[in-house]
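Here's a quick briefing on a protein structure with a ligand in it. Keep the 3D view open while you read, and try to find each spot as it comes up.

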Amino acid sequence: MMAPGDQTVAVVGAGIGGLSCARQLRAAGFHVRVFDKGRGTGGRVSVRRTKSGASFDHGAQYFTVRDAAMAQQVERWLAAGVVAPWGCRIGSLNSGHWTPTKSETIRYVGVPGMTAITKLLAVDMDLELQSRVTTVAREGKGWLLSFEDGKDRGVYDVLILNAPAPQSAGLLEAFPSFAQRIRPAKFASCWAVMLALEAPLDVPWDAAFVNDSSLSWIARNSSKPGRPAQPDCWVLHASPDWSMAHLEDSPDAVTARLLASFWQAVGMPPRQPAFVAAHRWRYAVPEKTLETRCLFDEELRLGVCGDWCGGPRVEGAYLSGLSLAEAVRSCN
Ligand SMILES: Cc1cc2nc3c(=O)[nH]c(=O)nc-3n(C[C@H](O)[C@H](O)[C@H](O)COP(=O)(O)OP(=O)(O)OC[C@H]3O[C@@H](n4cnc5c(N)ncnc54)[C@H](O)[C@@H]3O)c2cc1C
């Protein structure tokens, strides 16, 4: 049996789940290295900024807290100033008519953007961005990862995958019995549109779940704490059914159709946006999760975590990472 300090861990994915796992393992003494194909951390917790100062959380909108371990973590994030409650005026939109939602739920957001959370989780971590893992293979008793750029990053004792289930399963084709355990997790897709308006939209609300529309969600990003008030930035999410039906459409075609749905939903004539762009989330939110918070094979020293294990959303991803770190620790 090896001590944690003698063991190396490769974590593929710097999403909430991968980073929560990585931090816990590093605190336990493991040598952890995190790889992500993206230009920044966060995965589906993501911020798009424009040169003109517009900013959009175009993935996760906010997060809620149910679990005690998550509540403790959120207290630390609040104290560090990377998270704040979003006191938004939220409701539902039905054919242009807005109805406020009466709820006590606290909705938290990262400040100044949702990625503030993963930036903090990644502080002092051994992290390599823009490093896409293309294959994983056994090398002796360890794991050899291959990367798109062909560079050698060595062999690791433990391998953790944090990519969405279909992508993790794709990397594990040579390990069919493990990959088989991942496959029941299913994802819905989501087209997101980011829209900036020079003059603020005159509506008495900040966020709405939309009914009878191609859109399922509209939010004024500028109403979140720590965001610039100008320009007036909005994030629109298409419904899962619409997104699936239009998954392979061009971003321009999607933008045009969802903008039309937006103006219809808010009951106003269309205006020329100062900025507009669309982003496709192929694997957006889990429709079906595994029943366990993580999977870990002690023999292979291979684990997976993410929001598709045990519980969807940001909170589920965070707890999944913690649970996998515990599984790795306890088999030592
Ligand atoms: C449109 C949308 C709206 C959402 N709204 C909410 C919300 O309001 N509230 C909420 O709580 N949650 C929301 N979610 C869900 C939330 O974003 C996720 O539950 C959470 O961020 C998942 O974290 P994760 O760590 O499981 O995975 P991810 O964030 O998907 O992280 C996986 C990481 O793995 C990396 N990766 C994948 N393959 C490779 C590879 N081959 N090599 C290297 N790196 C790789 C990716 O780049 C990514 O960074 C939303 C998601 C979307 C897309």
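What follows is a short tour of the ligand's surroundings, some paired strands and one arginine. Keep in mind that this is a predicted model. The ligand has 37 residues around it, and two domains share the job of supplying them.

**Around the ligand**

- Start with the residues that come closest to the ligand: Gly 13, Gly 15, Gly 43, Gly 306 and Arg 313.
- Four elements each give two or more residues to this shell: helix 1 (16-27), strand 14 (186-197), strand 18 (275-288) and helix 8 (313-330).
- What kinds of residues make up the shell, by class? There are 19 nonpolar, 12 polar and 6 charged ones.
- Why does the ligand lie between domain 1 and domain 2? Because domain 1 (1-41 + 122-185 + 291-332) and domain 2 (54-64 + 88-103 + 186-288) both give residues to the shell around it.

**Strands 6 and 7**

- Now find strand 6 (residues 90-94) and its antiparallel partner, strand 7 (residues 97-100); 4 bridges join them.
- Across this pairing, Asn 94 sits opposite His 97 of strand 7.
- The two strands make a hairpin with 2 residues between them. One thing to look for in the turn is Ser 95, with a positive phi of about 45 degrees.

**Strand 15 and its partners**

- Strand 6 also pairs with strand 15 (residues 207-211), this time in the parallel sense, over 5 bridges.
- If you pick Ser 92, its bridge partner in strand 15 is Phe 209.
- Strand 15 is also joined to strand 16 (residues 215-220) by 3 bridges, and these two run antiparallel.
- In that pairing, Ala 208 faces Ile 218 of strand 16.
- Strands 15 and 16 form a hairpin too, with 3 residues between them. Here Asp 212 in the turn has a positive phi, about 55 degrees.
- A handy rule while you look at strands: in a regular one, side chains alternate between the two faces of the sheet.

**A look at Arg 153**

- Where does Arg 153 sit? You'll find Arg 153 in the loop between strand 11 (142-147) and strand 12 (155-156).
- Is Arg 153 buried or exposed? Arg 153 has 16 C-beta neighbours inside 10 Å, so it counts as partly exposed.
- Leaving out neighbours within four places in sequence, Arg 153 is in contact with Leu 145 and Phe 147.
- Arg 33 is 120 residues away from Arg 153 along the chain, yet their C-alpha atoms are separated by 9.9 Å.

How values were computed. Residues numbered from 1 in each chain as written. Predicted model: local features only at pLDDT ≥ 70, side-chain atom pairs only at ≥ 80, totals over all residues. Near = placed C-beta within 6 Å. Nonpolar A, V, L, I, M, F, W, Y, C, P; charged D, E, K, R; others polar. Domains from an automatic or database assignment. Pairing = 2+ DSSP bridges. Buried ≥ 20, exposed ≤ 12 C-beta atoms within 10 Å, placed from the backbone. Contact = placed C-beta atoms within 7 Å.
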